[in-house]
Amino acid sequence: MTDKPTSTGKVVVGSRAQVKVVREAAARATNAREDARKHAQKTEVSRLAVERLARTEEAEGRVGWTTLDAFAVLAMLLASSFGTDAILGSGLLDLMPATGQYIARAVVLGLFHVMQLLLLTFLAARHGAKLLRAFGLGRLRRGAGAILATTGLMMLLLVATRAFATLWGVTVRAIGWSPPATGEITAVFGSGGFGLLVALVIVVIVGPFVEELAFRGVVLRAVGVRYGMWPAILTSAGLFALYHFSAWAFVPLFALGVAVGWLAWTRRTIWGAIALHAAYNGVVVGAAYWLAR
């Protein structure tokens with residue numbers, strides 16, 4: 001008579017709690033491997049996208065801006081801001097008649113913008129390029145459809161950023177945080193026709209042009225070719241908002257910086273960012289002079 005086998009060949013792990021622990025550990029290990037695979041894939045896709053961007057811009061003759069270029073531009077902007085505040089806040093202007101003060105402010109601001117443009121021109125020359133070509137500002141090589149799409153996005157972003165700025169202003173005023181009383185546009189340039197003209201030239205045309213070359217032209221690209229799209233957009237937006245030295249306006253300016261950064265990156269042209277920035281400032285200037293009538 002043959003004895004029956006006493007084992008069924010199954011591995012006995014232990015209690016149900018031990019089985020559950022083993023299964024959960026296996027599931028965690030599987031999830032970790034999958035997350036690592038997805039992260040590596042995402043990193044590779046981002047790296048390839050950055051490389052394609054660098055090759056495309058090099059083929060178009062644009063400058064590959066370096067971190068040193070970005071620091072030089074930021075240092076120049078900071079020095080210009082402090083220099084402007086020091087001159088305009090000095091008692092010398094108080095000795096002039098009102099019209100003389102308006103003209104002096106316009107001249108000082110204009111000179112500092114010229115200095116910033118000269119630095120950008122110098123940095124472009126160091127890379128063997130002229131200013132317009134260095135930033136891809138030469139002849140537009142895009143069809144009417146692309147131009148219309150960029151214009152449409154610019155208008156949508158203008159409405160969104162202005163609506164956000166208005167909502168921010170209403171919200172912070174409701175909690176008792178009012179904007180600073182100094183620095184109003186009409187107080188700087190005068191409330192007459194001359195003041196409006198100067199404000200349009202400096203605040204709506206020259207200022208956005210220079211600032212976009214600096215923040216979206218140099219800083220955005222210098223960070224972007226190393227870390228990718230969103231780190232570049234957020235970094236340039238944060239620095240742009242800090243540059244204006246206004247805690248009250250930091251949030252709406254940061255939102256504007258994100259909008260123009262996204263537009264510049266996705267549309268691969270800085271013209272849309274310049275137009276959006278100029279239109280945003282134009283609304284501010286228009287409202288200021290409308291209320292001052």
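A residue counts as buried when its relative accessible area is under 20%, as exposed when that area is over 50%, and as partly exposed in between. The model used in these exercises is predicted.

**Exercise 1.** Classify serine 81 as buried or exposed, and state which residues it contacts outside its sequence neighbourhood.

Solution.
- Location: serine 81 belongs to helix α2.
- Class: the relative accessibility of serine 81 is 12%, so the residue counts as buried.
- Contacts: with neighbours within four places in sequence left aside, serine 81 touches Tyr243 and Phe245.

**Exercise 2.** Compare the expected span of helix α2 with the distance between its end C-alpha atoms, then state what its buried residues pack against.

Solution.
- Expected span: α2 covers residues 67–88, and its 22 residues at 1.5 Å a residue should span 32 Å. The rule multiplies 1.5 Å by one less than the number of residues.
- Comparison: the end C-alpha atoms of α2 are 31 Å apart, which agrees with the expected span.
- Buried residues: these include Asp69, Val73, Met76, Leu77, Ser81 and Thr84.
- Packing: the buried residues of α2 pack against α3, α7 (193–227) and α8 (229–243).

**Exercise 3.** Identify the residues of the nonpolar surface patch, the helix that gives the most to it, and the exposure class of isoleucine 103.

Solution.
- Members: Ile103, Val107, Leu111 and Phe194 form a nonpolar surface patch of about 360 Å².
- Main contributor: helix α3 (residues 98–126) gives the most, with three residues.
- Isoleucine 103: this residue lies in α3. Its relative accessible area is 41%, so isoleucine 103 is partly exposed.

Notes: Residues numbered from 1 in each chain as written. Predicted model: local features only at pLDDT ≥ 70, side-chain atom pairs only at ≥ 80, totals over all residues. Heavy atoms only, no water. Patch = residues over 30% accessible without salt bridge, like charges linked within 9 Å, V, L, I, M, F, W, Y side chains within 5 Å. Areas by Shrake-Rupley, 256 points an atom, 1.4 Å probe, with all protein chains shown as cover. Salt bridge = Lys/Arg side-chain N within 4 Å of Asp/Glu carboxyl O. Helix = DSSP H or I, 4+ residues; strand = E, 2+ residues; numbered from the N terminus. Buried < 20%, exposed > 50% of the residue type's maximum accessible area, 1.4 Å probe, protein only. Contact = heavy atoms within 4.5 Å.
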